[in-house]
Amino acid sequence: MTVVRDVPKQLFIGGGWQDAESGRTLSVDNPATGEELCQVADASPADGRHAVEAAVTAQAAWAATPPRVRSEILRRAYDLIIARTEDLALLMTLEMGKPLAEARAEVAYGAEFFRWFSEEAVRIDGGLTTAPDGRNRLLVTRQPVGPCLLITPWNFPLAMGTRKIGPALAAGCTIVLKPAPQTPLTSLALAAILKEAGLPDGVLNVIVTTDAAGVVEPLLRGGKIRKLSFTGSTQVGRILLAQCADTVIRTSMELGGNAPLIVFDDADLDVAVEGTMVAKMRNMGESCCAANRIYVHTSVADEFATRLATRMAALKVGDGTEPGTDVGPLIDNAGRSKAHDLVRDAVKRGATVLTGAELPEGPGCFYPPTVLTGIAPDSAIIDTEIFGPVAAIRTFDTEDEAVTAANDTEFGLAAYLFTQKLDRALRVAERLESGMIGLNTGLVSNPAAPFGGVKQSGLGREGGRVGIDEFLEYKYIAVPVGA
Ligand code: ADP
C-alpha cells in the first residue's frame, strides 16, 4: 500500500529520523486481516533519553518563539492534514480497523484541535491588579510548563495525538510523544506533517516502543519532564500517577469510562435509538465515552430494545477499507476475547441475546453488534469497560433509581440521557457524576469543549478554552509602587 510505504518507519528525534539504538523493530498489523503492514523502529530506554534531551534542548527557543509563529505552524499543519484526509484516513483504517467513513470523520475531528489551538496560541492572557493594600501591583503572566511527555492510546490514532500536541505547542512546550505500539503509523505521519509545516527541530519527538513501562519510567524519574499527559486505562494511569508523585510532575489523565445511558419514558424514541447507536457504535465501541450501561424505563424498554436490535443487526461488519462497512474489526484478539467473555458471563447469569454474540469464523478480530437484555446485577459487563460493539440493557422504574444506578461506578467520564422534559434533563444532568453529558445526543466529543472525567476517569481537561491551561504555569510578579 502506498500510504504505508510513504510513512517514515523510524523514531523522530531532534528533527531527524533514526533507527532504534538497539536496531530492533516492531510489527504493525492490520486487525482486519491479521497480516503485517510493516516494521517500525522499537525504542529502548536510551532512545527515550535522547528524545527527552532533544526536547529539553529545544525548550527555551520554542518558548521564546512568538505566539503568532507557533500559531501559524499549527494552522499550516491543520491545512496539510485536511489536504491529506484520504491518505490519513486509510492509514488509520489499516492500522486500527475503523471503517473509512469513521476514519475520515476522525481526520476532521483530530485536525480541528490544531486549528482550535492555533487560535488559542495568540490569546494566552495574564493580568495586572492592585493589591488590597493599594501599594502593590500584582502582575500575573503565564509561561509554558516545559518539556512534556504525551502518551496516547490506539483507539483514535490521530485525534488523541492532536488533542495533546495542539495545546502543548500553542503554549510553547516541547514534546516527547509515545503513541500506542499498535498504531504508530498515524503519529509518525503526523510528525512528518508538523516538520513540513515548519516546526523547529526537537520541538516534537516521537518514540514508538513495545517496552512502554521500561522506556517511560526512567523518563518520568529523570527530572527533565515537567508534564505528563496520558490517555489510556485507569490501571496504567494509577501506575503513572505514582511515578509522577515522586518527582512532582504535573499530570493530565484521561482514563477509563463506564458511561451510563438513560432513556426516560418521555424520551423521543427515534432520537434515543439514534443517539444510542452513536454512543455505542462509534469506533466499534472502542471509545472511553462509549455507552457501557444502558438503562431504559420499564414502560418503553421492550420497544427500545427491539428497535435497537433491528438497527444493530442491520450493520455490515467487515474490513474497514471495503465500501459499505459499518463495523470494522476490534484492535486485537485480546480485545475481542474480552468482549466475548463479558457477553458469555452475562448470558450465563440470565441475559437474553436479541442479536449478535456469536464469534465469527475466519481471520480478523471481528465481533458482531450485540444486544443483550435482562442483565443480572452481578454480571461483569456492568462494571467492566466493554470496548466492543455490545449493548447491555437494564430497566428502571424511577428517576432516582436510574441516577443511583448510573452513579454506582468508580468511573465518571461521559453519561447520556434522553428525555424531552427540560426540568428533568437539568435535574438529572446535575446529579450525574460525570465530566461530560450528552443530552439527547450520543456524541460529546468536540474540540471546542472541555473533555475529561471525574472520579477515577481522570484529572484535567482537554480541548476547549481550558485545554491550553494544562500546559501553562502562572507566574506572579510582585511590584510595589509606593503609597
Ligand atoms: P489500552 O488497554 O487501551 O491499550 P493502556 O493504558 O494499556 O490502554 O495503553 C495506553 C498507552 O499507555 C499506550 O501508549 C501504552 O503503550 C501505554 N502504556 C501501557 N503501559 C504503560 C506503562 N506501564 N508505562 C507507560 N506507558 C504505558
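These legends describe close-up views of a predicted model, starting with the ligand. Local features need pLDDT of at least 70 and side-chain atom pairs pLDDT 80 or more, while totals for chains, interfaces and linings use all residues. Residues are numbered from 1 along each chain as its sequence is written, and side-chain values use heavy atoms, with hydrogens and water left out.

**View 1. Polar contacts of the ligand.**
The ligand has 16 residues around it. Thr152, Trp154, Lys178, Phe230 and Ser233 come nearest. A residue counts as near if one of its heavy atoms lies within 4 Å of the molecule. Three pairs involve oxygen atoms of the ligand and are given here one by one. A polar backbone atom of threonine 152 is 2.7 Å from a ligand oxygen. For lysine 178, a polar side-chain atom lies 2.9 Å from an oxygen of the ligand. For serine 233, a polar side-chain atom lies 2.7 Å from a ligand oxygen. A polar contact is a pair of N or O atoms within 3.5 Å; within protein, one must be able to donate a hydrogen and the other to accept it, and residues adjacent in sequence count only if both atoms are side-chain atoms. On its own, the ligand has 550 Å² of accessible area, and the protein covers 77% of this. Accessible areas come from the Shrake-Rupley method with a 1.4 Å probe; for residues, only the protein chains shown count as cover.

**View 2. The pocket and the shell around the ligand.**
The largest pocket holds the ligand. A pocket is an open set of points on a 1 Å grid over the protein atoms alone, with protein on both sides within 12 Å along at least five of seven lines. A molecule sits in a pocket if more than half of its atoms lie within 2 Å of its grid points. Helix H8 (212-221), strand E10 (227-231) and helix H9 (234-247) each give two or more residues to the shell. H8 gives the most, with three residues. Helices (H or I, at least four residues) and strands (E, at least two) are DSSP runs, numbered from the N terminus. By class, the shell has eleven nonpolar, four polar and one charged residues. Ala, Val, Leu, Ile, Met, Phe, Trp, Tyr, Cys and Pro count as nonpolar, Asp, Glu, Lys and Arg as charged, and the others, Gly among them, as polar.

**View 3. Two residues of helix H9.**
Threonine 234 is in helix H9. Its relative accessibility is 7%, so threonine 234 counts as buried. The cut-offs are under 20% relative accessible area for buried, over 50% for exposed, and partly exposed in between (1.4 Å probe, protein chains only). The side chain of threonine 234 reaches the backbone oxygen of glutamine 456 at 3.1 Å. Isoleucine 239 also lies in helix H9. Isoleucine 239 counts as partly exposed because its relative accessibility is 47%. Isoleucine 239 and alanine 213 are 26 residues apart in sequence; C-alpha to C-alpha, they are 9.5 Å apart.

**View 4. Positive phi outside glycine.**
Methionine 284 has a positive phi, near 60 degrees, and is not a glycine. Its loop runs between helix H10 (269-281) and strand E13 (291-297). With a relative accessible area of 1%, methionine 284 is buried. Alanine 357, again not a glycine, has a positive phi of about 75 degrees. Alanine 357 is in the loop between strand E14 (352-355) and strand E15 (370-373). Its relative accessible area is 16%, so alanine 357 is buried.

**View 5. The loop between H11 and H12.**
Threonine 325 is found between helix H11 (298-313) and helix H12 (333-348). At 9% relative accessibility, threonine 325 counts as buried. Threonine 325 is 224 residues from alanine 101 in sequence and 8.7 Å from it in space, C-alpha to C-alpha. Glycine 318 is in the loop between H11 and H12. Glycine 318 is buried, at 10% relative accessible area.

**View 6. Glycine 126 and tyrosine 476.**
Glycine 126 is in the loop between helix H5 (100-120) and strand E5 (127-130). Glycine 126 counts as exposed because its relative accessibility is 54%. In sequence, glycine 126 and tyrosine 476 are 350 residues apart; in space, they are 9.4 Å apart, C-alpha to C-alpha.

Definitions and conventions:
1 Å grid on protein atoms, 1.4 Å probe; cavity = no way out; pocket = protein on both sides within 12 Å on 5 of 7 lines; lining within 4 Å.
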